[in-house]
Number of protein chains: 2
Amino acid sequence: MERNVDLNGFLENKQNFIPHLSIDSVIFGFHQDQLKVLLLRVHDSGVWSLSGGFVRMEEGIDPAALRILRERTGLENVYLEQYHTFGHEDRSKKNTLADILDFGHTEEFRNSWLNKRFVSIGYYALVDFSKVNPTPDSFSDIAEWFDLKDLPPMIFDHREMIHKALESLRANLDTKLVGFNLLPETFTMPELQSLYETILGYPLRRNNFQRKMLSMDILERIEKLYTGAANKAPYLYKFKAPTTEVV
Amino acid sequence: MERNVDLNGFLENKQNFIPHLSIDSVIFGFHQDQLKVLLLRVHDSGVWSLSGGFVRMEEGIDPAALRILRERTGLENVYLEQYHTFGHEDRSKKNTLADILDFGHTEEFRNSWLNKRFVSIGYYALVDFSKVNPTPDSFSDIAEWFDLKDLPPMIFDHREMIHKALESLRANLDTKLVGFNLLPETFTMPELQSLYETILGYPLRRNNFQRKMLSMDILERIEKLYTGAANKAPYLYKFKAPTTEVV
DNA sequence: TTATTATTTTCCCATTTTGGGACAATAATA
DNA sequence: TATTATTGTCCCAAAATGGGAAAATAATAA
């Protein structure tokens with residue numbers, strides 16, 4: 001079956017990518033009290049993948065990760081962190097592109113550098129959900145947010161990559177104060193608490209959470225936010241330090 | 001100048017290594033109250049390097065790291081942790097092997113896959129200093145321990161790799177309790193404290209350190225150690241959990 | 001105008017953890 | 001038996017955390 005898949009010279013490696021090496025980014029967002037990841041659907045399949053790409057021969061891996069991220073989200077300044085490199089010998093043998101994509105040039109694909117074993121450098125990105133413009137790549141037709149607790153079937157070992165990224169995010173949450181990158185410029189204390197609870201996976205006490213956050217002297221209190229609800233209006237805060245930190 | 005360097009078919013990549021990808025391990029040891037790293041001297045040069053190697057086409061990166069470690073130390077079960085992947089576009093452009101090694105087949109080397117740009121996966125290993133049998137590889141003639149505070153000139157970006165490994169070790173010291181892998185089977189409390197102080201780089205209080213260690217219920221108190229010194233003999237301890245954890 | 005309701009914010013006290021000084025124990029030597 | 005150099009233990013103050021309760025307040029209902 002012939003499908004309208006444009007691989008932009010990928011098969012011939014016209015862009016001179018490093019072979020056997022890829023980059024995959026877990027793009028985290030926060031929306032409606034849920035932690036989300038941006039996934040790409042492999043062309044006309046039920047299988048999804050992380051935002052990934054390759055490293056050009058003269059390109060650093062951090063710039064490559066930022067480039068890929070820019071292409072998938074439209075964002076320039078993103079909090080990006082390299083968390084682990086995945087290199088199990090069989091990691092790209094299950095749910096391969098060749099298994100999924102049965103477009104015209106399958107034979108050509110099977111023999112191409114794309115269908116070889118890959119070691120993948122894992123990054124995770126923290127973005128403001130509302131600012132992202134999800135854009136599919138050459139291998140996918142849809143870019144969509146998924147709830148972390150309700151992931152679709154995924155290519156290769158991408159599910160484990162997400163799992164490990166979340167572990168790393170949790171470990172960095174308190175030390176590197178990265179959570180703010182998932183929120184808009186201003187936010188309320190309950191919103192911030194919900195973010196923390198969602199990432200950590202367990203509830204926190206309002207009083208103690210607020211005490212801890214305020215004691216760190218990293219938040220600036222703006223005005224109150226009147227939502228129209230029949231209760232006390234929460235304060236808006238903004239993060240004092242620049243919220244985006246690029247690798 | 002012709003030198004007796006045996007590259008074991010490296011130049012022709014007879015072992016079918018993944019190109020542009022390497023593994024480097026920072027091997028930490030602890031000796032005479034000093035944190036040490038095992039370095040290899042590039043053949044007949046004053047430049048040293050980490051224990052490194054390449055990944056075979058059908059080999060996972062963790063097994064590859066263990067294989068390299070085994071070759072350099074003679075140890076089978078080592079605590080090994082992947083901490084960062086280094087992929088700056090220029091990282092292998094300064095202090096290159098080609099600059100250092102001017103052995104006969106320089107021209108062949110300059111054109112070989114070895115002289116290309118490499119992305120390197122960084123691991124660090126924690127070993128019992130006394131059990132290591134330092135062994136050079138094809139590119140080096142001596143393997144030697146260096147004090148972390150007195151490092152020699154190093155190839156590529158290996159100095160930064162060590163620095164970042166130490167940062168990672170420090171961050172993991174309390175959470176993963178990895179320090180014990182640097183000590184022999186049994187050790188005294190002052191020895192353990194010295195290890196912690198050396199890694200962290202600042203002094204700790206005896207009383208509080210002991211209280212903390214004992215409260216974790218991870219140490220088994222053995223008999224006393226009589227050294228002949230004119231003072232109270234310290235207890236020997238051993239770590240309850242298995243001290244080696246392989247990636 | 002006043003009570004009610006749903007939240008947010010603050011306060012306070014008990015408990016736990018940590019900081020840090022002092023003392024007790026002890027192995028060899030004088 | 002006293003001395004010396006460590007190691008091991010104890011204790012109290014200070015700080016951090018756990019957790020309940022009260023105060024504040026924005027809209028609505030009476």
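# Protein chains A and B with DNA strands C and D

B:K176 is partly exposed, with 43% relative accessible area. This is a predicted model, so every value below is computed from predicted atoms. B:K176 has a salt-bridge partner, B:E81. The briefing starts with the DNA, where 24 residues surround strand D and 24 surround strand C. It then turns to the contact between the protein chains, which buries about 1,500 Å². It ends with the salt bridges, 22 of them over all chains.

## Around DNA strand D

- Of the 24 residues around this strand, the nearest are A:R205, A:N207, A:N231, B:R206 and B:Y235.
- Of the strand D atoms that come within 4 Å of the protein, 51% belong to sugar and phosphate.
- A:N207 reaches a base: a side-chain N or O atom of this residue is 2.3 Å from a base oxygen of strand D.
- A:R211 also approaches a base, with a polar side-chain atom 3.0 Å from a base nitrogen of strand D.
- B:A230 uses its backbone instead, placing an N or O atom 3.3 Å from a base oxygen of strand D.
- Three helices each give at least two residues to the surface near strand D: helix 6 (206-215) of chain A, and helix 5 (189-200) and helix 6 (206-215) of chain B.
- Helix 6 of chain B supplies the largest share of that surface, with four residues.
- By class, the surface near strand D has nine nonpolar, seven polar and eight charged residues.

## Around DNA strand C

- Here too 24 residues surround the strand, and the closest are A:R206, A:Y235, B:R205, B:N207 and B:N231.
- Sugar and phosphate make up 52% of the strand C atoms that come within 4 Å of the protein.
- B:R205 meets the phosphate: one of its polar side-chain atoms is 2.8 Å from a phosphate oxygen of strand C.
- B:A230 has a polar backbone atom 3.1 Å from a base nitrogen of strand C.
- B:K232 also uses its backbone, with a polar atom 2.9 Å from a base oxygen of strand C.
- Helix 5 (189-200) and helix 6 of chain A, along with helix 6 of chain B, each give two or more residues to the surface near strand C.
- The largest share, four residues, comes from helix 6 of chain A.
- The surface near strand C holds nine nonpolar, seven polar and eight charged residues.

## Where chain A meets chain B

- Chain B brings 21 residues to the contact, and chain A brings 21.
- About 1,500 Å² is buried between the chains, and carbon and sulfur atoms give 60% of that area.
- B:H20, B:Q82 and B:R117 supply 28% of the area that chain B buries against chain A, more than any other three residues.
- How many salt bridges run between chain B and chain A? The count is zero.
- Polar contacts do cross the interface, in twelve residue pairs.
- On the chain B side, strand 1 (17-31), strand 4 (51-56), strand 5 and strand 6 (119-126) each supply at least two residues.
- That side of chain B divides into nine nonpolar, seven polar and five charged residues.

## Salt bridges within the chains

- A:E59 and A:R67 form a salt bridge, with their closest N and O atoms 2.7 Å apart.
- Are these two partners buried or exposed? A:E59 is buried, because its relative accessibility is 11%, under the 20% limit. A:R67 is buried as well, at 9%.
- A:E59 and A:R67 belong to a network of salt bridges that also links A:E71 and A:R72.
- A:K240 pairs with A:D217, and their closest N and O atoms are 2.9 Å apart.
- This pair joins distant parts of the chain: A:K240 is in the segment after strand 10 (235-239) of chain A, and A:D217 is in the loop between helix 6 and strand 9 (219-224) of chain A, 23 residues away.
- A:K240 is partly exposed at 45% relative accessibility, while A:D217 is exposed at 53%.
- B:E81 and B:K176 form a salt bridge, with 2.7 Å between the closest N and O atoms.
- B:E81 sits in strand 5 (residues 79-86) of chain B and B:K176 in helix 4 (residues 158-176) of chain B, so this bridge ties together parts 95 residues apart in sequence.
- B:E81 is buried, at 12% relative accessible area, whereas B:K176 is partly exposed, at 43%.

Terms used
Residues numbered from 1 in each chain as written. Chains lettered and ligands numbered in written order. Predicted model: local features only at pLDDT ≥ 70, side-chain atom pairs only at ≥ 80, totals over all residues. Heavy atoms only, no water. Near = heavy atom within 4 Å. Polar contact = N/O pair within 3.5 Å; in protein donor to acceptor, adjacent residues only side chain to side chain. Nonpolar A, V, L, I, M, F, W, Y, C, P; charged D, E, K, R; others polar. Salt bridge = Lys/Arg side-chain N within 4 Å of Asp/Glu carboxyl O. Buried < 20%, exposed > 50% of the residue type's maximum accessible area, 1.4 Å probe, protein only. Contact = heavy atoms within 4.5 Å. Buried area = accessible area lost by both parts, 1.4 Å probe.
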